[in-house]
Amino acid sequence: MAYSDTIKLVVGDTLPEIVCTLKDSNTAASGATLDAEDSSTWAPINLTSGTVKMIIREVGQTTLTATITMSLTNASSGIATCIFPADTWTAAGTYEGEIEFTNSSSKVQTVQDLIKFIVRDDFN
């Protein structure tokens with residue numbers, strides 16, 4: 001499985017705030033020449049009237065540990081933000097998150113790469 005990033009956290013953390021820009025690898029950004037290997041050339045996906053979720057599970061498991069509806073901070077530019085509720089990271093372990101966009105017609109697009117989270121126990 002391909003991971004886009006690894007984020008290190010501590011049980012109970014509610015930060016960092018994760019900011020994602022969803023882009024279309026088949027459409028060139030304004031003023032750019034499309035390069036399938038360079039995401040900076042891809043056009044943003046317009047998220048207006050849609051929903052973006054981060055779905056989290058422990059690596060190797062099928063049971064979900066969290067489903068978080070992200071805030072659309074700049075929907076027309078494809079930008080969504082995830083703030084973790086206090087009960088997201090309740091146990092140490094290695095987790096993976098996927099990002100899923102559902103448009104206003106209930107069509108779903110899931111980002112191929114996952115985000116890896118390594119969570120350690122808190123001192124107190």
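Two strands count as paired if DSSP finds at least two bridges between them. All views below come from a predicted model.

**Figure 1. Strands β2 and β8 pair in the antiparallel sense.** The pairing of β2 with β8 runs over 4 bridges. One contact point to look for is V19, whose bridge partner in β8 is T81. Strands of a sheet are held in pairs by backbone hydrogen bonds, and the pairing can be parallel or antiparallel.

**Figure 2. Strands β7 and β8 form a hairpin.** These strands run antiparallel and are joined by 3 bridges. S71 stands opposite T81 of β8. N74 faces I79, also in β8. Between the two strands lie 4 residues. In the turn, G78 has a positive phi of about 75 degrees.

**Figure 3. Three strands make an open sheet in the order β2-β8-β7.** The pairing in this sheet is antiparallel. Which strands stand at the edges? They are β2 and β7 (71–74). Each has a single partner strand, so one side of each is left without a neighbour in the sheet. Neighbouring strands here are turned by 35 degrees against each other on average, direction ignored.

**Figure 4. The largest nonpolar core has 25 residues.** M54, F84 and F117 have the most contacts inside this core. Several strands give two or more residues to the core, among them β1 (3–10), β5 (51–58), β9 (93–102) and β11 (114–120). Strands β2 (18–21) and β8 (79–82), seen in the sheet above, are also on that list, and so is β6 (64–69).

**Figure 5. F84 is buried and touches residues from many parts of the chain.** Is F84 buried or exposed? Its relative accessibility is 2%, so F84 counts as buried. Leaving aside neighbours within four places in sequence, F84 is in contact with D13, T14, P16 and I18. Its other contacts are M54, I56, I68, W89 and F117.

**Figure 6. Ring pairs link F84, W89, Y95 and F117 into a cluster.** The structure holds 4 aromatic pairs. In one of them, the ring centres of F84 and W89 are 5.3 Å apart and the planes meet at 65 degrees, so the pair is edge-to-face. W89 and Y95 have ring centres 5.4 Å apart and planes at 70 degrees, so this pair is edge-to-face too. Edge-to-face requires planes over 60 degrees apart. W89 has 0% relative accessibility, so W89 counts as buried. Y95 is buried as well.

**Figure 7. E96 is a buried residue of strand β9.** Its relative accessible area is 6%. Buried means under 20%, so E96 qualifies. Which residues does E96 touch, not counting those up to four places away in sequence? The list is Y3, I55, I56, R57, V59, L114, I115 and F117.

**Figure 8. D5 is a partly exposed residue of strand β1.** The relative accessible area of D5 is 47%. Leaving aside neighbours within four places in sequence, D5 is in contact with L114, I115 and K116. F101 is 96 residues away from D5 along the chain. The C-alpha atoms of D5 and F101 are separated by 19 Å.

**Figure 9. R120 lies over the face of F123.** The distance from R120 to the ring centre of F123 is 5.1 Å.

Technical notes:
Residues are numbered from 1 along each chain as its sequence is written. This is a predicted model: local features need pLDDT of at least 70, side-chain atom pairs count only at pLDDT 80 or more; totals for chains, interfaces and linings use all residues. Side-chain values use heavy atoms; hydrogens and water are left out. A nonpolar core is a set of buried Ala, Val, Leu, Ile, Met, Phe, Trp, Tyr and Cys residues joined through side-chain atoms within 4.5 Å. Buried means under 20% relative accessible area, exposed over 50%, partly exposed in between (1.4 Å probe, protein chains only). Contact means heavy atoms within 4.5 Å. Axes are lines fitted to C-alpha atoms, for helices over the stretch in contact, and angles run from 0 to 180 degrees between N-to-C directions. Rings of Phe, Tyr and Trp (its six-membered ring) pair if their centres lie within 6.5 Å; planes under 30 degrees apart count as stacked, over 60 as edge-to-face and the rest as tilted. A charge sits over a ring if NZ of Lys or CZ of Arg is within 6 Å of the ring centre and within 35 degrees of the ring normal.
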